[in-house]
Each structure stands twice: as structure tokens, then as C-alpha cells.
Amino acid sequence: QAQLVESGGGSAQPGGSLRLSCAPSGFSLDFHAIGWFRQAQGKEREGVACISSFGNTRNYVDSVKGRFTISRDHVKNAVYLQMDSLKSEDTATYFCAATRPKYANDCLLRRQDYNSWGQGTQVTVSS
């Protein structure tokens, strides 16, 4: 099964920034929509941001709009999540996921739509 590898997690102070990276292991991300999800301790995994196959559609959960930016680099075969103005409530394990959507412009934040996942990277925001 195709695997993804996340990196870039760590600790930050409130108001700080982190940049997460997602890279595939042994396959191309071309024609895949990519989503970033997070799971805080004791809570369900939620969709944070997603980007369509060609990068022309991006969706964000309301709580991160204006603070997080998802992007992709087809040459480097990677997807990024730039997280700015971090808040303590952003503390969670972040996962990237991939899927080949029915339509190239599709980008969904539903967990059940993705079939390849990474192991996650921890993000901790505290003072």
C-alpha cells in the first residue's frame, strides 16, 4: 500500500509558525488530491486542509482559515502545510493523506475519502 511520510512537526509558541511537509514513499503524487488531517488527544481526527490534483482547489476547516496555507510542488513531489499564527488548540498529531479523486478539481476534507496515510507528525503549541 502506498505510504506517505510527514516531517516538520515540533514545538512552537503561540503566534509562531511551523511548516509541515508530506512526501510519498515510492509513488508520484501527480493526479492525487492531498489532505492534511489532525488528531488531538482524546478527539476525533479532523480534516484541516486539502488541495486538488492540479492545485487549483484548496479547502480549509474554518478554524485555520487565514492562518494555514496548503501548497504542492509537482517537481519535488511534495505537499506542504504552512502554519502561521499558531494557537494552543492547534496542538495535535498531523497526518497527510492521498487519494485519486473522481474529478481533478475535487478536494474534500472527509477522512473516508482518502486511502493512503502517513504515520503523523506531532505539533505542540505552548508557551
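The exercises below, each with a worked solution, concern a predicted model.

**Exercise 1. Identify the residues at the centre of the largest nonpolar core, and the strands that supply the core.**

Solution.
Step 1. The largest nonpolar core has 26 residues, and those touching the most other members are Trp 36, Phe 68, Ile 70, Val 79, Leu 81, Met 83 and Tyr 94.
Step 2. At least two residues of this core come from each of the strands β3 (18-25), β4 (33-39), β5 (46-51), β7 (68-73), β8 (78-83), β9 (92-99) and β11 (121-125).
Step 3. Strand β9 gives the largest share of this core, 4 residues.
Step 4. Another core, of 7 residues, lies apart from it and includes Phe 37, Cys 50, Cys 107 and Trp 117.
Step 5. As general background, nonpolar side chains in soluble globular proteins tend to be buried together.

**Exercise 2. List residues that Ile 70 touches, leaving aside those up to four places away in sequence.**

Solution.
Step 1. With those neighbours left out, the contacts of Ile 70 include Ile 34, Trp 36, Ala 49, Cys 50 and Ile 51.
Step 2. Ile 70 also touches Arg 58, Tyr 60, Val 79, Tyr 80 and Leu 81.

**Exercise 3. Decide whether Ser 52 is buried or exposed, and state where it is placed.**

Solution.
Step 1. Ser 52 belongs to the loop between β5 and β6 (58-60).
Step 2. Buried means a relative accessible area under 20%. Ser 52 has 0% relative accessibility and therefore counts as buried.
Step 3. Not counting residues up to four places away in sequence, Ser 52 touches His 32, Ala 33, Thr 57, Arg 72, Ala 104, Asn 105, Asp 106 and Cys 107.

**Exercise 4. Trace the salt bridges of Asp 90 and describe the parts of the chain that they link.**

Solution.
Step 1. The count of salt bridges comes to 5.
Step 2. In one of them, the side chains of Asp 90 and Arg 38 meet at 2.9 Å, N to O. Because Asp 90 lies in the loop between β8 and β9 and Arg 38 in strand β4, this pair ties together parts that are 52 residues apart in sequence.
Step 3. Asp 90 counts as buried at 0% relative accessibility, and Arg 38 is buried with a relative accessible area of 6%.
Step 4. Asp 90 also forms a salt bridge with Arg 67, where the closest N and O atoms are 2.7 Å apart. This pair links the loop between β8 and β9, which holds Asp 90, to the loop between β6 and β7, which holds Arg 67, across 23 residues.
Step 5. Asp 90 and Arg 67 are both buried.

**Exercise 5. Describe the salt bridge of Asp 113, then name the residues that shared partners join into one network.**

Solution.
Step 1. Asp 113 pairs with Arg 110, the closest N and O atoms being 2.6 Å apart.
Step 2. Asp 113 is partly exposed, with a relative accessible area of 22%; Arg 110 is likewise partly exposed, with 45%.
Step 3. Through salt bridges that share partners, Arg 38, Glu 46, Arg 67 and Asp 90 are joined into one network.

**Exercise 6. Characterise the largest pocket by its volume and its lining.**

Solution.
Step 1. The space in the largest pocket is about 190 Å³.
Step 2. Its lining residues divide into 2 nonpolar, 2 polar and 8 charged.
Step 3. Among the lining residues are Arg 38, Glu 46, Arg 67 and Asp 90, the residues joined in one salt-bridge network.

Technical notes
Residues numbered from 1 in each chain as written. Predicted model: local features only at pLDDT ≥ 70, side-chain atom pairs only at ≥ 80, totals over all residues. Heavy atoms only, no water. 1 Å grid on protein atoms, 1.4 Å probe; cavity = no way out; pocket = protein on both sides within 12 Å on 5 of 7 lines; lining within 4 Å. Points joined across faces, edges and corners; volume = space filled by probe spheres on them. Nonpolar A, V, L, I, M, F, W, Y, C, P; charged D, E, K, R; others polar. Core = buried A, V, L, I, M, F, W, Y, C linked by side-chain atoms within 4.5 Å. Buried < 20%, exposed > 50% of the residue type's maximum accessible area, 1.4 Å probe, protein only. Contact = heavy atoms within 4.5 Å. Salt bridge = Lys/Arg side-chain N within 4 Å of Asp/Glu carboxyl O.
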